[in-house]
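User: Hi! I'm new to reading protein structures and could use some company. Could you walk me through this one?

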Amino acid sequence: MRNTFSEALYEEATKNPDLYIVVADISPAGSMAKFSSEYPDRFINVGVAEQCMIGVCAGLALKGCQPFAYTIATFSLYRPFEMVRDDLGYQNLPVTVVGMGAGVIYSTLGGTHHTQEDIAIAGAIPNMQIIAPCDPLECTEATRWCARQKNGPVYLRIGKAGEPTLTKNAEPWQFGKVRYLRRGTDVCMLSYGVITRMAVEVADRLEAQGKSVSIVSVHTMKPLDREGIAEALRRHSHVIVIEEHAPQGGLAPQTKQIAWDIRATCRLDTFTLQDAFIHNYGSWEQLLASHGISPDRVMAAIT
Amino acid sequence: MGGGVLSFDPVIARARCKRYRRRILDLSQNVSALHIGGAFSCTELVDAIYNEFMRKGTDGGRGPDTFLLSKGHGCMIQYVILEDHGIMPHVELESYCTPHGRLGVHPDRGNPGIEASTGSLGHGMSMVVGMALAERGRRRDGVIYTVLSDGELQEGSTWEAVLMASSLKLRNIVAFVDNNDFQSLGRTSETHPSLYPLAEKFRSFGWEAGEVDGHDTAALCAAVAGRLGDRPFMVIARTTKGKGVSYMENVPMWHYRAPNPEEYKRAVADLEAQP
């Protein structure tokens with residue numbers, strides 16, 4: 001996903017002389033080498049200085065530029081939080097804060113490198129928009145949109161490398177609107193970000209059992225497409241949320257709020273990370289499983 | 001790069017600063033509290049930036065240079081200067097900190113002449129670096145001016161940006177430390193003696209730095225006009241908190257307090273009696 005991010009950003013940079021990327025000693029692979037060699041004045045490495053990274057982006061935006069801040073998600077959002085809130089949120093500047101390797105993708109690096117509560121934290125800031133693409137293609141769409149928008153700040157939550165393509169036959173991507181990757185009539189899977197691949201796997205298993213299953217990428221986590229989610233709750237008898245995030249402040253509680261507001265009658269199951277740090281190590285899948293999220297666990301809980 | 005330094009007249013500058021301080025004293029009678037000490041300590045700094053250094057636009061409008069007040073709590077002096085320049089409406093100052101107005105204790109972007117929302121310390125210098133980068137990227141010669149507090153130099157984020165400004169060779173930054181040696185809980189030199197000497201610290205971070213009397217406009221002008229201009233420039237301005245009103249000078253209580261009517265009369269008499 002970081003490769004497609006840097007490819008899309010490079011393409012946008014060729015068209016927009018005011019597009020900057022400010023990194024904190026972490027650089028997206030792929031086309032970023034091309035970016036930094038062709039536009040050295042617009043590739044700024046502030047070093048291990050994340051507060052400065054956000055402030056510099058704010059200063060660029062105050063002068064009308066279109067900056068991206070980029071590093072591992074914990075360091076792009078948690079370390080410089082007050083700069084994100086005051087410099088970007090309060091001033092409502094069109095800066096994209098890229099959180100790379102979000103969730104528990106850095107599965108062997110420990111809790112210092114996990115973002116289990118980033119949607120809740122970013123979402124609590126007024127003016128902040130949040131996009132979490134589910135695959136490399138969606139990441140390209142989101143990056144292009146971020147490079148052209150002037151609404152205000154965006155937290156762009158992306159994965160790392162090797163994510164499968166899930167959206168090849170999906171309907172067009174649109175900011176602020178849920179996106180059906182597949183349309184069914186019985187069960188609806190709601191998910192966002194890298195873990196959407198697990199929602200697809202669960203959907204495949206349910207279909208093998210004869211169910212008709214929808215898969216929805218809720219890529220825009222703020223502003224949330226409340227009407228799109230309400231529609232999914234109305235049109236399916238069973239809705240399942242799978243997210244790589246703490247139980248508070250993410251998609252699961254917000255879907256429950258919407259379900260209450262519209263007096264939804266469907267069955268609703270949610271699968272989230274627990275409200276606990278992770279002190280064990282292993283693959284991404286193994287860490288998720290230790291918090292109760294795996295295709296087997298989900299299948300066991302819902303059937 | 002020195003702006004209108006050649007036309008500098010010390011008598012006019014002194015009269016202006018006295019008028020600005022008087023305006024702040026008058027406004028203090030409308031509110032229960034304001035940051036008066038820190039506004040008085042940087043009066044000559046902000047006055048020199050607006051009235052001596054920043055270039056005017058061709059039609060008298062906005063010029064190419066930018067001022068960002070990193071020590072946002074000193075913004076009363078910025079408000080009254082913007083009012084003097086006809087940028088900030090008189091009515092806004094009269095309704096300072098009331099529901100009828102839009103000006104508060106810290107500067108808020110979107111208000112006339114306010115380039116950035118500050119108030120939380122340690123944010124300004126990074127934004128200045130970004131602004132300076134944008135000017136350079138667009139091949140423009142705009143200079144970014146800023147005023148920091150000495151207490152703000154305890155924020156690690158300030159030094160992140162100081163390091164980047166010189167590493168990026170941003171020669172279009174001219175910064176001032178309002179070195180009044182006071183912060184909320186006491187004298188900075190007593191709580192943080194290792195912060196000094198300041199100019200050497202900035203030089204060791206790759207900046208050009210000078211040190212002058214921050215209430216001497218002529219000295220400020222000479223320092224800025226005489227800079228080499230091949231790297232960011234920092235002026236360590238020795239200032240007095242509460243400068244201009246004898247009983248407020250170096251008295252911590254006047255960091256955030258408004259004089260009562262009796263104190264106001266004494267302050268005005270004291271200010272007006274000064275040369």
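Analyst: Happy to help; we'll look at how the chains meet, then at some helix pairs, salt bridges and backbone details. Please keep in mind that this is a predicted model.

User: Great. How many residues does each chain bring to the contact?

Analyst: Chain A gives 26 residues to the contact and chain B gives 28.

User: And what area is buried between the two chains?

Analyst: About 2,100 Å² is buried between chain B and chain A, and carbon and sulfur atoms give 56% of that. On the side of chain B, the three residues that supply more than any other three are B:H123, B:R138 and B:E160, with 26% of the area that chain B buries against chain A.

User: Why do people talk about area here?

Analyst: The accessible area lost when the parts come together is often used to give the size of an interface.

User: Which helices could I look at across the interface?

Analyst: Try helix α3 of chain A, residues 50-62, and helix α6 of chain B, residues 124-137. Their axes are 6 Å apart, and the two helices pack at an angle of about 45°.

User: What do you call that arrangement?

Analyst: With that angle, α3(A) and α6(B) are oblique to each other. Their crossing is right-handed.

User: Which residues of these two helices meet?

Analyst: From α3(A), they include A:G55, A:V56, A:G59 and A:L60. On the α6(B) side, B:M127, B:G130, B:M131 and B:A134 are among them. By class, this contact of α3(A) with α6(B) has ten nonpolar residues, five polar ones and no charged ones.

User: Okay, new topic. How many salt bridges go across the interface?

Analyst: Two are found across the interface of chain B and chain A. In one salt bridge, A:K63 pairs with B:E135, and their closest N and O atoms are 3.9 Å apart.

User: What lets side chains pair like that?

Analyst: Side chains of opposite charge can pair when their charged atoms come close.

User: How many are there in the whole structure?

Analyst: Over all chains, the search finds 37 salt bridges. One of them joins the side chains of A:R182 and A:E207, at 3.1 Å from N to O.

User: Where do A:R182 and A:E207 sit?

Analyst: A:R182 is in strand β7 of chain A (residues 179-182), while A:E207 is in helix α8 of chain A (residues 196-208). The pair therefore ties together parts that are 25 residues apart in sequence.

User: Nice. Now what about helices packing inside chain B? At what angle do α1 and α3 cross?

Analyst: In chain B, helix α1 (residues 10-28) and helix α3 (residues 43-53) cross at roughly 120°, and their axes come within 10 Å. That makes α1(B) oblique to α3(B). The contact is made by B:A13, B:R16, B:C17, B:Y20 and B:R21 on α1(B), together with B:T43, B:E44, B:D47, B:N51 and B:E52 on α3(B). By class, there are five charged, three nonpolar and two polar residues in this contact.

User: What does α3(B) do with α4(B)?

Analyst: α3(B) packs with helix α4 of chain B (residues 75-84) at an angle of about 35°, with their axes 10 Å apart. The residues in contact include B:V46 and B:Y50 of α3(B), and B:I77 and B:I81 of α4(B). By class, the contact of α3(B) with α4(B) has five nonpolar, two polar and one charged residues.

User: Last thing: where can I find cis peptide bonds?

Analyst: One joins A:K222 and A:P223, with omega about -5°. A:P223 is in the loop between β10 and α9 of chain A. Another joins B:Y196 and B:P197, with omega about 0°, and B:P197 lies in the loop between α8 and α9 of chain B. Most peptide bonds are trans.

User: And what is the phi of A:D25?

Analyst: A:D25 has a positive phi of about 65°, although A:D25 is not a glycine. Look for A:D25 in the loop between β1 and α2 of chain A.

Definitions and conventions
Residues are numbered from 1 along each chain as its sequence is written. Chains are lettered from A and ligands numbered from 1 in the order in which they are written. This is a predicted model: local features need pLDDT of at least 70, side-chain atom pairs count only at pLDDT 80 or more; totals for chains, interfaces and linings use all residues. Side-chain values use heavy atoms; hydrogens and water are left out. Axes are lines fitted to C-alpha atoms, for helices over the stretch in contact, and angles run from 0 to 180 degrees between N-to-C directions. Helices (H or I, at least four residues) and strands (E, at least two) are DSSP runs, numbered from the N terminus. Angles under 35 degrees count as roughly parallel, over 145 as roughly antiparallel, 65 to 115 as roughly perpendicular and the rest as oblique. A crossing is left-handed if the near helix is turned anticlockwise from the far one by less than a right angle, and right-handed if clockwise. Contact means heavy atoms within 4.5 Å. Ala, Val, Leu, Ile, Met, Phe, Trp, Tyr, Cys and Pro count as nonpolar, Asp, Glu, Lys and Arg as charged, and the others, Gly among them, as polar. Buried area is the accessible area (1.4 Å probe) that two parts lose on being put together, summed over both. A salt bridge is a side-chain nitrogen of Lys or Arg within 4 Å of a carboxyl oxygen of Asp or Glu.
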